[in-house]
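Okay, shall we get going? I'd like to walk you through one model today, so have a look at it while I talk.

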Amino acid sequence: MSKIIKRAMAIAMAAALALMAGCGDKTGSDNQSGTLDVSDASNASSASNASNVATSEADVKSASERVAELAGQIELPSMAEVTADNLSTFLGIDPEKVSEFSAQICASGAMPDEFGVFVAVDEDAAADIKSTLESRIEKQRDTYKDYTPDEMYKFDDCFAEQDGNCVFYAICADNKLAADILKG
């Protein structure tokens, strides 16, 4: 019975994502309407919800640049941007704890692929974000083990890591490459 409920929930989530995506702004710009901006992963360069955080190093990539680079180098299903309006809904992260972020999830919900970079307002907020993402990874692992067991290899070396105020996470076909890119 549990398998049936999990599959029904996954199908309902996929349907909701598809419905919401159909209403979204598909221009590739920041979407503040609360709907998903479904665009090809290669168009992810505008996924940031805020201006780049000022740094003393000119060569440090923004969160959106890192996510766009990852989307361009790893084969992914159709991906949807997570916006400031749906950050809490989809990832469970309080937008007030983030000064910059860029994240994508599988648009259909049929595969576990997702990843992101979050610049928190402080290290405590970053620790909370990391903990939230670790919990999400475990929930996704539990959901997909019965729903799409052939996709479980993507969880083998998935990660959520913190470096100061920054948090990086990925569940995808090449998590090692994802880590290298997202850590910038």
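**The strand in the middle of things**

Let me start with β4. Seven of the seven residues of this strand are buried, so β4 is largely enclosed by the rest of the structure. You can check that face by face: E114, G116, F118 and A120 point to one side, F115, V117 and V119 to the other, and all of them are buried. Before anyone asks, yes, this is a predicted model.

Now some context. The protein chain has five helices and six strands, and from the N terminus on the order is α-β-α-β-α-β-β-α-β-β-α. Of the 184 residues in the chain, 46% are buried. If you take contacts between residues at least 6 apart in sequence, 62% of them join residues at least 24 apart. On the outside, the chain exposes about 8700 Å², with carbon and sulfur atoms supplying 51% of that.

Back to β4, then. Which way does β4 run relative to β3 and β6? With β3 the pairing is antiparallel, over seven bridges, and I105 is the residue standing opposite E114. With β6 the pairing is antiparallel too, over six bridges. On that side, V117 has F168 in β6 as its bridge partner.

Next, the packing. Which residues touch the most other members of the largest nonpolar core? That would be L91 and F118, in a core of 25 residues. The elements giving two or more residues to this core are α3 (87-91), β3 (98-106), β4 (114-120), α4 (123-147) and β6 (166-171). Helix α4 brings the largest share, six residues. There's also a second, separate core of 19 residues, and V117 is in that one, along with others including A63, F159 and F168. So keep that V117 and F168 bridge in mind: both partners belong to the second core.

F118 deserves a moment of its own. Leaving out residues up to four places away in sequence, F118 touches L87, L91, I93, E100, F101, A103, I129, L133, N165, C166, V167 and Y169.

That takes us to the aromatics. How many aromatic pairs does the structure hold? Three. A quick reminder: a pair of aromatic rings is described by the distance of the centres and the angle of the planes. For F101 and F118 the centres are 6.0 Å apart and the planes sit at 5 degrees, so we call the pair stacked. F101 is in strand β3 and F118 in strand β4, 17 residues apart, so here the pair links distant parts of the chain. Both F101 and F118 are buried. Ring pairs also bring in Y169, linking F101, F118 and Y169 into a cluster.

Then there's Y144 and Y147. Their ring centres are 5.9 Å apart with the planes at 65 degrees, so this pair is edge-to-face. Both are in helix α4, and being three residues apart, Y144 and Y147 are separated by about one helical turn. Buried or exposed? Y144, at 3% relative accessibility, counts as buried. Y147 has a relative accessible area of 22%, which makes it partly exposed, given that buried means under 20%.

So, if you rotate the model yourselves later, I'd start at F118 in the largest nonpolar core and follow the rings to F101 and Y169. That's it from me.

Technical notes
Residues numbered from 1 in each chain as written. Predicted model: local features only at pLDDT ≥ 70, side-chain atom pairs only at ≥ 80, totals over all residues. Heavy atoms only, no water. Helix = DSSP H or I, 4+ residues; strand = E, 2+ residues; numbered from the N terminus. Buried < 20%, exposed > 50% of the residue type's maximum accessible area, 1.4 Å probe, protein only. Contact = heavy atoms within 4.5 Å. Areas by Shrake-Rupley, 256 points an atom, 1.4 Å probe, with all protein chains shown as cover. Core = buried A, V, L, I, M, F, W, Y, C linked by side-chain atoms within 4.5 Å. Pairing = 2+ DSSP bridges. Phe/Tyr/Trp six-rings, centres within 6.5 Å; stacked < 30°, edge-to-face > 60°.
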